[in-house]
Protein chains: 2
Amino acid sequence: MARKSGSRADVTGPAIRRAAETLFAKHGYAAVSMRQIAAEVGVRAGAIYLYTPGKQTLLFELMRDHLEALLEEVGRASADDGPVNELNAFIRCHVGYHFDRRDAVFLAYMELRNLSAENFALIEGLRRKYEDQLERILVDGKREGCFAFEDSRVVTMALIAMLAGVHVWFRDGGRLSRNEVEEIYADLARRMVAAT
Amino acid sequence: MARKSGSRADVTGPAIRRAAETLFAKHGYAAVSMRQIAAEVGVRAGAIYLYTPGKQTLLFELMRDHLEALLEEVGRASADDGPVNELNAFIRCHVGYHFDRRDAVFLAYMELRNLSAENFALIEGLRRKYEDQLERILVDGKREGCFAFEDSRVVTMALIAMLAGVHVWFRDGGRLSRNEVEEIYADLARRMVAAT
DNA sequence: GTCTATAGATGGATAGAC
DNA sequence: GTCTATCCATCTATAGAC
């Protein structure tokens with residue numbers, strides 16, 4: 001007797017988040033109306049407010065959930081087995097996310113401007129954690145003599161920008177397989193840090 | 001008797017474009033109102049329509065003018081003196097633009113979604129020209145044995161994404177000079193294509 | 001849980017006075 | 001050339017019927 005038969009609460013909520021993610025990624029947060037999201041789900045605009053306090057929260061939670069999942073996965077992937085392998089795992093993990101969660105990845109770095117001040121601070125904290133995780137791999141590798149570069153901060157930002165750019169050209173079912181794309185980017189990253 | 005004294009036509013027009021560029025870059029095209037732009041300039045919303053047919057045209061012309069200027073400058077900078085030098089010039093030129101025209105660079109790859117269909121096609125054409133110019137340098141270099149990489153298209157996109165990412169962290173008057181930033185990125189690019 | 005209806009605010013763009 | 005005033009569309013969010 002867990003749920004009412006005929007109830008859609010467990011279906012509509014996730015559907016709203018999925019629709020918001022798709023539409024925000026496609027047209028941008030500010031250009032999407034609650035009516036559009038509702039239409040995509042198949043309900044009226046008013047019904048959305050049963051599942052979220054508003055549009056801003058919808059955006060914030062999409063970004064937060066994605067970044068937390070990404071952080072956890074990167075943390076798992078780059079377990080302690082040497083800077084070269086850790087860098088490899090980090091890159092493949094991020095690139096792989098473009099295959100699995102394309103829109104979420106896109107939102108997380110395109111819609112920062114549209115977060116309220118306090119939500120921005122929270123999301124920025126998660127992003128910073130993510131950047132720091134990569135930078136720590138680089139610094140460790142340099143100290144151990146696996147990598148060679150001048151400025152760890154700039155290289156970190158260059159790597160992350162390069163990864164974020166995957167969304168611009170990558171299309172599912174294109175000429176390159178997931179594994180090929182991951183390998184090309186991992187290779188570029190190794191070159192950038194002069195991995196031995 | 002060239003111009004009416006007291007007239008501001010030659011001042012207000014450019015001021016509107018500058019204000020639009022700043023505000024669009026800061027808050028996003030869709031989140032900025034004509035009233036905000038007018039307030040920044042010091043006129044009323046209605047006055048803006050004396051200088052542009054509308055908001056969409058304002059965005060389009062900002063992007064077009066920037067891309068045309070960038071294309072011309074890149075074309076001049078990378079005159080025919082070998083792939084390694086051409087790549088160098090291309091990278092330094094693009095990075096340098098983040099110092100001179102920060103907001104314009106940002107707009108040109110952040111606001112594609114908000115262009116009308118026909119404006120998008122025109123801007124996309126200019127972007128494609130820019131990408132092709134870089135890819136040609138890479139392909140030439142590979143053929144001549146200066147560069148070594150697998151996939152010229154992916155490397156091109158990776159390089160452009162890396163360059164575009166400068167805006168995320170770069171601030172005027174930061175710890176790195178213009179020349180240092182240009183050199184770091186040129187160095188990263190040479191590593192990515194295994195320049196000899 | 002979802003609907004219709006609507007409040008209340010704000011948007012782009014235009015008309016006409018000065 | 002700029003202003004005030006305004007039209008009309010659309011927006012987020014809420015109230016209340018079912």
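**Notes on a two-chain model with DNA strands C and D**

1. Let's start with the DNA. Around DNA strand D there are 18 residues, and the nearest of them are Met34(A), Arg35(A), Arg44(B), Leu50(B) and Tyr51(B). Here a residue counts as near a strand if one of its heavy atoms lies within 4 Å of it. Of the atoms of DNA strand D that come within 4 Å of the protein, 67% are sugar and phosphate.

2. Some ground rules before going on. This is a predicted model, in which local features need pLDDT of at least 70 and side-chain atom pairs count only at pLDDT 80 or more, while totals for chains, interfaces and linings use all residues. Residues are numbered from 1 along each chain as its sequence is written, chains are lettered from A and ligands numbered from 1 in the order in which they are written, and side-chain values use heavy atoms, with hydrogens and water left out.

3. Back to DNA strand D and its polar contacts (pairs of N or O atoms within 3.5 Å; within protein, one must be able to donate a hydrogen and the other to accept it, and residues adjacent in sequence count only if both atoms are side-chain atoms). A backbone N or O atom of Arg44(B) sits 2.6 Å from a phosphate oxygen of the strand. Tyr49(A) uses a polar side-chain atom instead, 2.9 Å from a phosphate oxygen of DNA strand D. Val32(A) has a polar backbone atom 3.4 Å from a phosphate oxygen of DNA strand D.

4. Which elements face this strand? Helix 2 (34-41) of chain A and helix 1 (9-27) of chain B each give at least two residues to the surface near DNA strand D. Helices (H or I, at least four residues) and strands (E, at least two) are DSSP runs, numbered from the N terminus. By class, that surface has seven nonpolar, six polar and five charged residues. In this count Ala, Val, Leu, Ile, Met, Phe, Trp, Tyr, Cys and Pro are nonpolar, Asp, Glu, Lys and Arg are charged, and the others, Gly among them, are polar.

5. Now look at DNA strand C. It has 19 residues around it, with Arg44(A), Leu50(A), Tyr51(A), Met34(B) and Tyr49(B) coming nearest. Sugar or phosphate makes up 62% of the atoms of DNA strand C within 4 Å of the protein, and the rest belong to bases. A polar backbone atom of Arg44(A) is 2.6 Å from a phosphate oxygen of DNA strand C. Lys55(B) puts a polar side-chain atom 3.1 Å from a phosphate oxygen of DNA strand C, whereas Arg35(B) has one 3.1 Å from a base nitrogen of that strand.

6. How do the two protein chains relate? Chain A lands on chain B after a rotation of 180° with 0.0 Å of shift along its axis (RMSD 0.0 Å), superposed by least squares on the C-alpha atoms of residues with pLDDT of at least 70 in both. That is the relation of a two-fold axis. If you want to find the axis, go to Met162(A): of the residues of chain A it comes closest, at 2.3 Å (C-alpha).

7. Next, the interface. Chain A brings 35 residues into contact with 35 residues of chain B, where contact means heavy atoms within 4.5 Å. Of the interface residues of chain A, 100% are also interface residues in chain B, so the copies meet through the same surface. The area buried between the chains is about 2,600 Å², with 65% of it from carbon and sulfur atoms; buried area is the accessible area (1.4 Å probe) that two parts lose on being put together, summed over both. Arg113(A), Val154(A) and Arg191(A) supply 26% of what chain A buries against chain B, more than any other three residues.

8. There are charged pairs here too. The interface holds four salt bridges, meaning a side-chain nitrogen of Lys or Arg within 4 Å of a carboxyl oxygen of Asp or Glu. In one pairing, Glu111(A) meets Arg113(B) at 3.3 Å, N to O. Twelve residue pairs are in polar contact across the interface (both at pLDDT 80 or more). Helix 8 of chain A gives seven residues, the largest share of the side of chain A that touches chain B.

9. Finally, chain A itself. It has ten helices and zero strands. Glu183(A) and Arg92(A) join their side chains in a salt bridge (2.7 Å, N to O). Glu183(A) is in helix 10 and Arg92(A) in helix 5 (residues 83-100) of chain A, so the pair ties together parts that are 91 residues apart in sequence.
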